[in-house]
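Here is a friendly set of exercises to work through with the model open beside you. Each one begins with a task and ends with a worked solution.

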Amino acid sequence: MPRIVLNGQEREIPREMSVMELLDEIGVKFREVGLAVAINDEVVPKSEYERRKVKEGDRVEVVQLVGGG
């Protein structure tokens, strides 16, 4: 199983997968606004979430904006 670093913590994923599949795997719902993903310090455009693969050794940051008051 591939090992990645997700938001600073090492994690195994079942296989190489797309960004969209990874979001589903970690329970993050896709949304057009308030969500950003970077792989190896490069922000991934949302238009590439279905095609861009997360693979062994990648450093992935998933950031969600949360509103509140």
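Where is Asp41 found?

**Exercise 1. Place Asp41 and describe its backbone and exposure.**

Solution. Keep in mind that this is a predicted model.

Step 1: Look up the position. Asp41 is found in the loop between E4 and E5.

Step 2: Read the backbone angle. Asp41 is not a glycine, although it has a positive phi of about 70°. As a point of reference, most residues other than glycine have a negative phi.

Step 3: Check the exposure. The relative accessibility of Asp41 is 83%. Exposed means over 50%, so Asp41 counts as exposed at 83%.

**Exercise 2. Find two further residues with a positive phi, and place each of them.**

Solution.

Step 1: Stay with the hairpin of E4 and E5, which has 2 residues between the strands. Here Asn40 takes a positive phi near 50°.

Step 2: Move to the loop between strand E1 (3–6) and E2, which is the place of Asn7. The phi of Asn7 is near 50°, a positive value in a residue other than glycine.

Step 3: Add the exposure of Asn7. Its relative accessible area is 40%, so Asn7 is partly exposed.

**Exercise 3. Work out the strand order of the sheet, and then follow E4 to its partners.**

Solution.

Step 1: Write down the order. The sheet is open, has 5 strands in the order E2-E1-E7-E4-E5, and shows mixed pairing.

Step 2: Look at the two ends of that order. Strand E2 (9–12) and strand E5 (42–43) stand at the edges and have a single partner strand each, so one side of each lacks a neighbour in the sheet.

Step 3: Take E4 on its E7 side. Strand E4 (residues 35–39) runs antiparallel to E7, and 5 bridges join the two. In this pairing Ala38 stands opposite Glu61 in E7.

Step 4: Now take the E5 side. E4 and E5 also pair in the antiparallel sense, over 2 bridges. Ile39 of E4 stands opposite Glu42 in E5.

Step 5: Ask how covered E4 is. Of its 5 residues, 4 are buried, which makes E4 mostly covered.

**Exercise 4. Describe the surroundings of Asp58. Which side chain of opposite charge is nearest to it?**

Solution.

Step 1: Locate the residue. Asp58 is found in the loop between strand E6 (53–54) and strand E7 (59–64).

Step 2: Test for a salt bridge. The nearest side chain of opposite charge is Lys55, 4.1 Å away. A salt bridge needs the nitrogen and the carboxyl oxygen to be within 4 Å, and Asp58 has none, yet it is buried.

Step 3: Look for a polar contact. The side chains of Asp58 and Asn40 are joined by one of 3.0 Å. Asn40 is the hairpin residue from Exercise 2 with the positive phi near 50°.

Step 4: List the wider contacts. Beyond its neighbours within four places in sequence, Asp58 is in contact with Arg3, Ile4, Val5, Ile39, Asn40 and Lys53.

**Exercise 5. How many salt bridges are there? Describe three of them.**

Solution.

Step 1: Give the count. It comes to 4 salt bridges.

Step 2: Begin with Glu10 and Arg3. Their closest N and O atoms are 2.5 Å apart. Glu10 counts as exposed at 55% relative accessibility, whereas Arg3 is partly exposed with a relative accessible area of 34%.

Step 3: Go on to Glu21 and Arg15, whose side chains meet in a salt bridge of 3.3 Å, N to O. Both partners are partly exposed: Glu21 at 31% relative accessibility and Arg15 at 42%.

Step 4: Turn to Glu42 and Arg52, whose side chains meet at 3.6 Å, N to O. This pair links distant parts of the chain, with Glu42 in strand E5 and Arg52 in the loop between E5 and E6, 10 residues apart. Glu42 counts as partly exposed at 44% relative accessibility, and Arg52 is partly exposed with a relative accessible area of 21%.

Step 5: Look for shared partners. Salt bridges that share partners join Arg3, Glu10 and Glu12 into one network.

**Exercise 6. Which residues does Glu42 touch, not counting residues up to four places away in sequence?**

Solution.

Step 1: Name the contacts. Glu42 touches Val37 and Arg52.

Step 2: Compare sequence and space for Glu42 and Pro2. The two are 40 residues apart in sequence, and 20 Å apart in space from C-alpha to C-alpha.

Notes
Residues are numbered from 1 along each chain as its sequence is written. This is a predicted model: local features need pLDDT of at least 70, side-chain atom pairs count only at pLDDT 80 or more; totals for chains, interfaces and linings use all residues. Side-chain values use heavy atoms; hydrogens and water are left out. Buried means under 20% relative accessible area, exposed over 50%, partly exposed in between (1.4 Å probe, protein chains only). Lys and Arg count as positive and Asp and Glu as negative; His and the chain ends are not counted. A polar contact is a pair of N or O atoms within 3.5 Å; within protein, one must be able to donate a hydrogen and the other to accept it, and residues adjacent in sequence count only if both atoms are side-chain atoms. Contact means heavy atoms within 4.5 Å. Two strands pair if DSSP finds at least two bridges between them.
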